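Let's walk through this structure together, one step at a time. Keep the 3D view open as you read, and look up each residue when it comes up.

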Amino acid sequence: MTATAAKRTSDPPVETEAVLAALPDPILVLDAADRLRYANAAAEQFFDTGAATLLQSALTEFVPADSPLFALVETVRASGHSVSEYGVTLETPRLGTRVVTIQAAPLAEDHGRVVVTLQERSIADKIDRQLTHRNAARSVTAMAAMLAHEVKNPLSGIRGAAQLLEETASAADRELTRLICDETDRICALVDRMDVFTDRRPIERDAVNIHEVLERVRMIARSGFARHVRFIEDYDPSLPLVDGNRDLLIQVFLNLVKNAAEAVPEQGGEIELATAYRHGVRLAVAGSDSRVHLPLVVTVTDNGEGIPDDLRPHLFDPFVTTKHNGSGLGLAFVAKVVGDHGGIIEFDSQPRRTAFRVLLPTALRKGARP
Ligand SMILES: Nc1ncnc2c1ncn2[C@@H]1O[C@H](COP(=O)(O)OP(=O)(O)OP(=O)(O)O)[C@@H](O)[C@H]1O
Ligand SMILES: [Mg+2]
């Protein structure tokens, strides 16, 4: 036996209790009558109450009985599945207002007992980011409308004048009039790309096979900008159809795959396209009792250098770009369209692993899971 192995076996075993106490997120166990049967250190802090008191209490003493938290716990008991809900507002005189993500799971082989975790910071961040994306999309909308009126019209005047000059200009000057025409064309094309942001109509939706969308995207990418990239697919073949707009979704994933292809190294670049079904991801709709179910997860992962820290808070804003020829509209478009689908986009980025995750609703028509 080596010295390290000997040392390892003589280490004291890891205490589960110590692990739970070290976790920063509150963890609770509720029994069938919603009484607290367990609370870790973070939960004591969250409720500003010691474990001894918590464990003698019903959760209704800390959280109002009509809180969505209880409905969620009931759903878990009824379905036997774990459920998470984003952006739930917990409001009590004692807690103040807090926005949390609640994850609830049945305790194995223990009827009626449910483990609940509350994530505060991370989810507040996520919701915040989500709202930021929607704001970003809104500011593009206003900007696009302005550009269409204030920029495109004068540009066509400038272009017309340059063409007139071209007729009588010397060869040397003609080069300049050409330049004017080409540049005005380029700006017009840019303004045209913003057209999508001015469209405030609800999108036309259908039941869309997301794998067909991803295969199309991969084909376009392989024959153009991602010729040297290795693609890996990890599809869940039993995935239900998406409630979405096929053409817009193709453009969304093209934008994400194009960014990934531009981020990966010249040699050994890899992009993974993955789909999965996640039970019980719901987004509370702000200011109402309704929830959107977002069980379809599509992930585009690349092995590039990652997203620079200073870019992250503004990543989905229009005109944010680190690229020489970038317009910075790729992700603004993605945020707008995913938002129009009622979905969520999130990202995780570290060197050699950057993932953009799009959460979408299912089409509850043919092909949907029960
Ligand atoms: N997968 C990624 N890895 C690293 N950085 C990324 C990734 N995706 C986006 N970014 C960063 O986010 C910026 C904004 O992306 P966005 O797609 O909005 O614009 P762009 O790619 O620069 O321009 P365009 O999409 O118009 O060609 C990029 O310039 C890049 O710095
Ligand atoms: Mg881009």
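In this predicted model, a polar backbone atom of Gly-328 lies 3.2 Å from an oxygen atom of ligand 1. Leu-331 also offers a polar backbone atom, and this one is 2.8 Å from an oxygen atom of the ligand. With Asp-302 we turn to a side chain: one of its polar atoms is 2.8 Å from a nitrogen atom of ligand 1. How much of ligand 1 does the protein cover? On its own, the ligand has 600 Å² of accessible area, and the protein covers 94% of that.

Now zoom out to the space around the ligand. Ligand 1 takes up the largest pocket. The elements that each give two or more residues to the shell around it are α10 (246–263), α11 (330–340) and β14 (353–360). Which of them gives the largest share of the shell? That is α10, with four residues.

In total, 22 residues surround ligand 1, and the closest are Asn-259, Thr-321, Thr-322, Lys-323 and Ser-327. You can also sort the shell by the character of its residues: eight are nonpolar, nine are polar and five are charged.

Next, let's follow some strands. Start at β9, which covers residues 270–277, and find β7, residues 230–234. These two strands pair in the parallel sense, over five bridges. To see a spot where they meet, find Ile-232, which stands opposite Glu-272 in β9.

β9 also pairs with strand β12, residues 296–302, but here the sense is antiparallel, and there are seven bridges. Which residue of β12 is the bridge partner of Thr-275? Look for Val-298. If you then move along to Asp-302, you are back at the residue whose side chain has a polar atom 2.8 Å from a nitrogen atom of ligand 1.

Methods
Residues are numbered from 1 along each chain as its sequence is written. Chains are lettered from A and ligands numbered from 1 in the order in which they are written. This is a predicted model: local features need pLDDT of at least 70, side-chain atom pairs count only at pLDDT 80 or more; totals for chains, interfaces and linings use all residues. Side-chain values use heavy atoms; hydrogens and water are left out. A residue is near a molecule or strand if one of its heavy atoms lies within 4 Å of it. A polar contact is a pair of N or O atoms within 3.5 Å; within protein, one must be able to donate a hydrogen and the other to accept it, and residues adjacent in sequence count only if both atoms are side-chain atoms. Accessible areas come from the Shrake-Rupley method with a 1.4 Å probe; for residues, only the protein chains shown count as cover. On a 1 Å grid over the protein atoms alone, a cavity is a set of points where a 1.4 Å probe fits but cannot get out, and a pocket is an open set with protein on both sides within 12 Å along at least five of seven lines; lining residues have an atom within 4 Å of a point. A molecule sits in a cavity or pocket if more than half of its atoms lie within 2 Å of its grid points. Ala, Val, Leu, Ile, Met, Phe, Trp, Tyr, Cys and Pro count as nonpolar, Asp, Glu, Lys and Arg as charged, and the others, Gly among them, as polar. Two strands pair if DSSP finds at least two bridges between them.
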